[in-house]
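I wanted to see how the two parts of this chain meet. Notes follow, in the order I looked things up.

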Amino acid sequence: MVWTKTEYKEKIIAALPMKHFWHNRFHIEMPFGLINDPNGLSFYQGEYHIFYQWNPYSCEHKHKSWGYIKTTDFVHYTIPCLALVPGESFDKDGCYTGCGFVEEDKLQFVYTGNVKNDKNERESYQCLGSLQADGRIKKEGVLIAKQPSGYTAHFRDPYIFYRAGEQYMVLGIQTEALKGRVVLYHKKAGCWEFSGEIKTSLGDFGYMWECPNMLRFADADVLVFSPQGLQAKETKWQNLYQTGYIVGNLNLSTPEFSHGDFEEVDMGFDFYAPQVFKANGRYLMLGWIGMPDRSEDYPTSDKGWMFALTMMRELTMKNGRLYQQPIYEIEKLRSDKTEIFKREFTNYQGELPRGSEILLDLVLGEAKQITIKFYFALEKITFTYDRQKELFCIDRNKMKLGGKGIRKFKLAAKANLRLHFFIDRTVIELFCQDGEKTATLMYFPEEDRSPQLVIQADDIVTSMKGGFWQMGCIEYK
Ligand code: FRU
């Protein structure tokens, strides 16, 4: 089944605005089908162009196309359209993840064409495309027809970056010994030349690395990527697949990357395959809220749609670490502020609006443990901070539907804890300590109700300042 342009347009217009109470209101998602990785993120001719993996036909990881919306303010978006669909010999089984870049005043893309050949074997082609006036991406052919020797056909997710005016590309790949890696290409005289595998000190670090992004902050190179196959530890790598980064120095000619530890990007249950792009001097990142191969955690599939994208986050670097903050544009969605100012307390309760942003500045005082609970009728999600163990814990076990479990991570808050929550209908994004750590998760309350906020401490908290806002909806028009 493939829809014609008219059929598609009728379906999307009939499905907007999204009505079900599980549909998020200020996170990008689609009224039908399955979305995953953000793709082709770019700022071009005064607009932000956002593409994402989308199977509009079902909630299966099949028929991967590129959905497309544009915005100037991150509140108003264009009606989603299909910009790139599989069909050519080099992408017939999926137009997989890729990036955008502006050259010769044109918005262009490289993406991976996924092919299952006659022997049912995988083939990966790195393909070029360019944006047309009608919002379609014109396929401009294949740039790299095969993986370099010594690697399997798990070769995908091209990401273009520039150094000293020259164009480079990183891609995720798997060695024949089934180790995840990133390879580097360099464009010379119009041709993409293989520069080699980026040599890190990570060694045996999963069987596949997906979605690499290469960034640069002042004098530091940052490789963000999504490795698969790491063993979960007490306070890290607790999801099926991870996303993280290494910071250091990339020597483009060897190409060696000397770097520090692998740090996770997000500590929640549902975050994967982010893409970062630079626009107007800011590094901006969108992540996929979901997880491959965990479909049973997402009950919206019974209703015909699956997954969402994070709010746009701005990345900065402090003390060798990436910090993430929601972009300031999102503040335009705020209304009806309820102030919170409490001194010397152990308990706080409040009713939240449907869709809220909550900012809490806590001076912990005597309290060693503080618990923030969101109740949805009798169901709840609990966030606990243990000051002595410097441990943050998120517990989703008291929700009936969808993914459950506990996530733990280290956070050194000492006496001052700053928590910034965004509670959408089925998504929570949390920014701790001004974006030092973030956690993104999905939850699926049984009842269509406003959440109740309960804060409890084991001893007297000196003060809590902040408040919450009602968050408006983003619009597609
Ligand atoms: C990551 C990923 C990419 C691939 C795309 C296919 O979630 O597996 O590696 O290009 O999704 O949808």
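Before starting, I fixed my salt-bridge rule: a side-chain nitrogen of Lys or Arg within 4 Å of a carboxyl oxygen of Asp or Glu. I also reminded myself that this is a predicted model.

By that rule, I checked Arg-313 and Glu-429 and found their side chains joined in a salt bridge, at 2.6 Å from N to O. I then ran the rule over the interface of domain 1 and domain 2, and it finds three salt bridges there.

Next I counted polar contacts between domain 1 and domain 2 and got 31 residue pairs, both partners at pLDDT 80 or more. I asked which elements give two or more residues to the side of domain 1 that touches domain 2. They are strand 4 (76-77) and strand 24 (321-326). Strand 24 gives the most, with five residues. I sorted that side of domain 1 by class, too: 25 nonpolar, 13 polar and eight charged residues.

Then I stepped back to the domains themselves. I noted that the assignment puts domain 1 at 5-326 and domain 2 at 338-476. I took their centres over C-alpha atoms and got a separation of 30 Å. I find 46 residues of domain 1 in contact with 45 residues of domain 2.

Last, I looked at area. I get about 4,000 Å² buried between domain 1 and domain 2, with carbon and sulfur atoms giving 60% of it. I also looked for the top three contributors on the domain 1 side: Phe-21, Phe-26 and Phe-269 supply 21% of the area that domain 1 buries against domain 2, more than any other three residues.

Definitions and conventions:
Residues are numbered from 1 along each chain as its sequence is written. This is a predicted model: local features need pLDDT of at least 70, side-chain atom pairs count only at pLDDT 80 or more; totals for chains, interfaces and linings use all residues. Side-chain values use heavy atoms; hydrogens and water are left out. Domain bounds come from an automatic or database domain assignment. Contact means heavy atoms within 4.5 Å. Buried area is the accessible area (1.4 Å probe) that two parts lose on being put together, summed over both. A polar contact is a pair of N or O atoms within 3.5 Å; within protein, one must be able to donate a hydrogen and the other to accept it, and residues adjacent in sequence count only if both atoms are side-chain atoms. Helices (H or I, at least four residues) and strands (E, at least two) are DSSP runs, numbered from the N terminus. Ala, Val, Leu, Ile, Met, Phe, Trp, Tyr, Cys and Pro count as nonpolar, Asp, Glu, Lys and Arg as charged, and the others, Gly among them, as polar.
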